[in-house]
Amino acid sequence: MKVEAITQDNLEAFFTYCRTHRKEVDDSYLYEEDLAEFVLGEENPSFVITNKGATVAAASLVLDDYHRRGKRGRFRIFHAENRDPQVYRQLLDALRPSLSDLDYIFVFVPDEDPITGDVLKSLDFFVERSSYLLLRDTDNLPELPPLSEPLRVQIFRPGMDETHWVTVRNRGFAKLLGSQTPLLEAQVVKMTQEKDYLPEGMMMIYDGNQPVGIVRGTDDEYEGEPTLCIGPLAIIPEYQGRGLGRYLLRAIVRFAKEKGYKQVYLSVNAENEGAKALYLKEGFWQEEAVHCYRLNCM
């Protein structure tokens, strides 16, 4: 077996491997639009292992600005067809030069794949957190009562509301595992320029002139069906517990129905028991579970 860095010469073989196995792994960065935007370089250190000319394993890290600011790297893919720990170790060794400035790297593994989980544990990975994917159809929507003044809902205004958006998101997620790295205004600008952006799909709650809550719905699909993806949904700490999260959730599901979506989904961390309880009460059900495996680099 031979470890090879991804170059223009073997890029298509790498993409083919990702497409072949993306149903077996967390595919958050393996959609066709993600592969189309893949750029060789320091932000995407990537390797494959070949055997007699065939690609049998692949590893690719996402080291964009957001992840580097958090001193962590997320695997786009970390997979070997034979699940041999030594093959995974070869891929890790190839990636070592890219890990010098990181605190840790992580990968999401579906709950139904305990074999990969055992392999990762043998390489000193450990489960940092677990997350659930929750699904809901857009039938039988509950009532959306009006907010009491001076609370009001406002559709996000590109070029005007970026500062308010990041303020709420960063304060609301400051202690949420995996989301502690602050979002930057430039990243919010990019959201409105991406293919999945939906005008009127970013909503904010204001108390007078103070932003206190946000929710975002984006165009996606699940199991081949058009689906609205919900996230983030955040309320600043001093306004939590007042029903504002429930209000925004109902508002974004209602928006999905108005736009013709028959279903919506969101993700929630297992330790965020209050949020999960809210979603279940609001008609969501658990469809999938994934575990975040972490390897410390220092």
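Here are some exercises on a predicted model, each with a worked solution.

## Exercise 1: A strand and its neighbours

Find out how enclosed strand β6 is, and which strands pair with it.

**Solution**

Step 1. Start with burial. Strand β6 covers residues 126-137, and 9 of its 12 residues are buried, so the strand is largely enclosed by the rest of the structure.

Step 2. Look for the first neighbour. Strand β12 (residues 285-296) pairs with β6 in the antiparallel sense, over 9 bridges. To see one of these contacts, pick L135, whose bridge partner in β12 is W285.

Step 3. Now turn to another neighbour. Strand β11 (residues 263-269) also runs antiparallel to β6, with 7 bridges between them. Here you can pick L133, which stands opposite S267 in β11.

## Exercise 2: A glycine in a loop

Is G159 buried or exposed, and where does it lie?

**Solution**

Step 1. Place the residue. G159 lies in the loop that joins β7 (151-155) to α6 (162-172).

Step 2. Compare its accessibility with the cut-off. A residue is exposed when its relative accessible area is over 50%. G159 has 67%, so it counts as exposed.

Step 3. Try a distance as well. G243 is 84 residues away from G159 along the chain, and their C-alpha atoms are separated by 29 Å.

## Exercise 3: Two cavities

How many cavities of 30 Å³ or more are there, and what lines them?

**Solution**

Step 1. Count them. There are 2 cavities of 30 Å³ or more.

Step 2. Take the largest cavity, which has a volume of about 110 Å³. It is lined by 16 residues, and those closest to its centre are V25, D26, F78, V107 and F108.

Step 3. Ask which elements contribute. β4 (72-80), β5 (104-110) and α5 (114-122) each give two or more residues to this lining. The largest share, 5 residues, comes from β4.

Step 4. Sort the lining of the largest cavity by character: 9 residues are nonpolar, 2 are polar and 5 are charged.

Step 5. Repeat for the second largest cavity, with about 50 Å³ of space. Its lining consists of R136, L141, P142, L249, R250, V253, R254, E282 and F284. Helix α8 (residues 244-258) gives the largest share, 4 residues. Sorted by character, this lining has 5 nonpolar residues, no polar ones and 4 charged ones.

## Exercise 4: Salt bridges

The structure holds 17 salt bridges. Describe the ones that E32, R69 and R246 form.

**Solution**

Step 1. Begin with E32. Its partner is R22, and the closest N and O atoms are 3.1 Å apart. The pair links distant parts of the chain: E32 belongs to helix α2 (residues 32-36), while R22 sits in the loop between α1 (11-21) and α2, 10 residues apart. With a relative accessibility of 35%, E32 is partly exposed.

Step 2. Move to R69. It meets D65 in a salt bridge of 3.0 Å, N to O. Both residues lie in helix α3 (residues 65-69), 4 residues apart, which is about one turn of the helix. R69 is partly exposed at 31%, and D65 is partly exposed at 42%.

Step 3. Finish with R246. Its partner is E282, with the closest N and O atoms 2.6 Å apart. This pair also links distant parts of the chain, 36 residues apart: R246 is in helix α8, and E282 is in the loop between α9 (273-281) and β12.

Step 4. Check the accessibility of this last pair. R246 is partly exposed at 31%. A residue under 20% is buried, and E282 has 7%, so it counts as buried.

Step 5. Look for shared partners. R19, R22 and E32 are joined into one network by salt bridges that share partners.

## Exercise 5: Aromatic rings

Which kind of aromatic pair do F75 and F78 form, and which kind do Y104 and F106 form?

**Solution**

Step 1. Note what to look at. A pair of aromatic rings is described by the distance of the centres and the angle of the planes.

Step 2. The whole structure has 11 aromatic pairs. In one of them, F75 and F78 are 4.3 Å apart centre to centre with 10° between the planes, and the pair is stacked. F75 is buried at 3% relative accessibility, and F78 is buried at 5%.

Step 3. Y104 and F106 form a tilted pair, at 6.1 Å centre to centre and 45° between the planes. Y104 is buried at 9%, and F106 is buried at 2%.

Step 4. Widen the view. F75, F78, Y88 and F125 form one aromatic cluster.

Note on methods
Residues are numbered from 1 along each chain as its sequence is written. This is a predicted model: local features need pLDDT of at least 70, side-chain atom pairs count only at pLDDT 80 or more; totals for chains, interfaces and linings use all residues. Side-chain values use heavy atoms; hydrogens and water are left out. Buried means under 20% relative accessible area, exposed over 50%, partly exposed in between (1.4 Å probe, protein chains only). Two strands pair if DSSP finds at least two bridges between them. On a 1 Å grid over the protein atoms alone, a cavity is a set of points where a 1.4 Å probe fits but cannot get out, and a pocket is an open set with protein on both sides within 12 Å along at least five of seven lines; lining residues have an atom within 4 Å of a point. Grid points are joined across faces, edges and corners, and a volume is the space filled by probe spheres set on the points. Ala, Val, Leu, Ile, Met, Phe, Trp, Tyr, Cys and Pro count as nonpolar, Asp, Glu, Lys and Arg as charged, and the others, Gly among them, as polar. A salt bridge is a side-chain nitrogen of Lys or Arg within 4 Å of a carboxyl oxygen of Asp or Glu. Rings of Phe, Tyr and Trp (its six-membered ring) pair if their centres lie within 6.5 Å; planes under 30 degrees apart count as stacked, over 60 as edge-to-face and the rest as tilted.
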